[in-house]
Amino acid sequence: MDNSAIQSQRSMSSISTLNQPLDPCSLLLWNQTRQQWLANKLSQSKTKPQAREPTISWNASYDSLLGSNKPFHHPVPLAEMVDFLVDVWEQEGLYD
């Protein structure tokens with residue numbers, strides 16, 4: 001059997017699996033899990049987010065921060081990294 005026939009056979013078996021009716025117990029379990037997840041997300045969004053200390057030092061330079069390929073000690077939030085880069089680019093005249 002050539003490669004295209006094998007791929008076609010795999011595609012047909014996955015399609016037939018997708019067309020099978022869902023097990024009601026699995027669907028019920030999935031829905032209950034989803035409802036719990038949504039409830040947890042809702043309760044988390046109602047709590048006041050705690051103020052975080054900035055990950056990037058106020059006196060960090062571009063070279064000291066990004067001049068090597070060493071990983072950061074802690075994850076840097078995207079918004080904080082964007083603010084840092086915009087400040088550096090504005091100082092260097094690269095961002096208008």
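How much area does the protein chain expose, and what share of it do carbon and sulfur atoms supply? The protein chain exposes about 9100 Å², of which carbon and sulfur atoms supply 57% (Shrake-Rupley method, 1.4 Å probe; for residues, only the protein chains shown count as cover). This is a predicted model, in which local features need pLDDT of at least 70, side-chain atom pairs count only at pLDDT 80 or more, and totals for chains, interfaces and linings use all residues. Residues are numbered from 1 along each chain as its sequence is written, and side-chain values use heavy atoms, with hydrogens and water left out.

**View 1. The protein chain.** Four helices and zero strands are present (DSSP runs numbered from the N terminus: helices are H or I, at least four residues; strands are E, at least two). From the N terminus on, the order is α-α-α-α. Of the 96 residues, 7% count as buried (under 20% relative accessible area; exposed is over 50%, partly exposed in between; 1.4 Å probe, protein chains only).

**View 2. The largest nonpolar core.** Six residues make up this core: Ile-56, Leu-65, Met-81, Phe-84, Leu-85 and Val-88 (buried Ala, Val, Leu, Ile, Met, Phe, Trp, Tyr and Cys residues joined through side-chain atoms within 4.5 Å). Helix α4 (residues 78-91) gives the most to it, with four residues.

**View 3. Contacts of Leu-85.** Leaving aside residues up to four places away in sequence, Leu-85 touches Tyr-62 and Leu-66 (contact: heavy atoms within 4.5 Å).

**View 4. Tyr-62.** Tyr-62 lies in helix α3 (residues 62-66). Tyr-62 counts as partly exposed because its relative accessibility is 36%.
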